[in-house]
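Welcome to a short tour of charged pairs and strand pairing. Have the model open beside you, and follow along at your own pace.

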Amino acid sequence: MGGSVGCFTVAAAGRSAFMAWITGRATAGDTFGALETAVESFRYFEKTFGEYPYSTYTVAETGFCYGGMEYPALSLISDTLKESDRVRVTAHETAHQWWYAVVGSDQIENAWQDEGLAEYSALTFFETYEKYG
């Protein structure tokens, strides 16, 4: 077996949380824009919606087949996304840490609830942080 183990970056994100950005690429390249988005959106969501209840949050760039997927304390981001999409998906998936992970809903029967709130939350983040355009 050979190949790269990728990059692992850790950043302080909140009062008690540490964020990791893991990528399978040999170098981090343009993933730092998405790491910055993850940290800034995490701080914004914590300030806006309440304290994050877990001690860590990990964002992993993987060979995931869709844009992204959320789990408690973990978000998967597809490694095939363009940088602008990676930033958007990272903010959306980070919002899911509040909208379903903290405030639960039935993701199968009522996916519109957490998806709608995560998308709205990402929108308010981007409106607050105009540097993202």
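## How the strands pair

Two strands count as paired if DSSP finds at least two bridges between them. Keep in mind that this is a predicted model. With that in hand, let us look at β5: in this strand, Ile-77 is the bridge partner of Gly-68. The strands β4 and β5 run antiparallel and are joined by four bridges. Also in this pairing, Met-69 stands opposite Leu-76 of β5.

Strand β5 has a partnership with β3 too, this time in the parallel sense and over five bridges. Here Leu-76 of β5 is the bridge partner of Ala-60. How much of β5 is buried? Four of its five residues are, so β5 is largely enclosed by the rest of the structure.

## The two faces of β4

In a regular strand, side chains alternate between the two faces of the sheet. For β4, the covered face holds Gly-68 and Glu-70. Met-69 and Tyr-71 make up the uncovered face.

## The turn at Ala-73

Now step to the loop between β4 (68–71) and β5 (74–78), where Ala-73 has its place. The two strands form a hairpin with two residues between them, and in this hairpin Ala-73 takes a positive phi near 70°. That is worth a look when you check the backbone, as Ala-73 is a residue other than glycine with a positive value.

Is Ala-73 buried or exposed? Its relative accessibility is 17%, so Ala-73 counts as buried, the cut-off for that class being under 20%.

## Arg-86 and its two partners

Side chains of opposite charge can pair when their charged atoms come close. The model has four salt bridges by the rule used here, and Arg-86 is a good place to begin. Arg-86 forms a salt bridge with Glu-61, and their closest N and O atoms are 2.9 Å apart. Since Arg-86 lies in helix α2 (residues 83–95) and Glu-61 in strand β3 (residues 56–62), the pair ties together parts that are 25 residues apart in sequence. Both ends are out of reach of the surface classes: Arg-86 counts as buried at 1% relative accessibility, and Glu-61 is buried with a relative accessible area of 4%.

Arg-86 also meets the side chain of Glu-83 in a salt bridge, at 2.6 Å from N to O. Arg-86 and Glu-83 are three residues apart in helix α2, so about one helical turn separates them. Glu-83 is partly exposed, with a relative accessible area of 25%.

## The network around Lys-131

Which residues are linked in a network of salt bridges? They are Glu-36, Glu-40 and Lys-131. Within this network, the side chains of Glu-36 and Lys-131 meet at 2.6 Å, N to O. Glu-36 belongs to helix α1 (residues 31–49) and Lys-131 to the segment after α3 (111–128), so this pair ties together parts that are 95 residues apart in sequence.

How accessible are the two ends of this pair? Glu-36 counts as partly exposed, at 38% relative accessibility. Lys-131 is exposed, and its relative accessible area is 51%, with the cut-off for exposed being over 50%.

How values were computed. Residues are numbered from 1 along each chain as its sequence is written. This is a predicted model: local features need pLDDT of at least 70, side-chain atom pairs count only at pLDDT 80 or more; totals for chains, interfaces and linings use all residues. Side-chain values use heavy atoms; hydrogens and water are left out. Buried means under 20% relative accessible area, exposed over 50%, partly exposed in between (1.4 Å probe, protein chains only).
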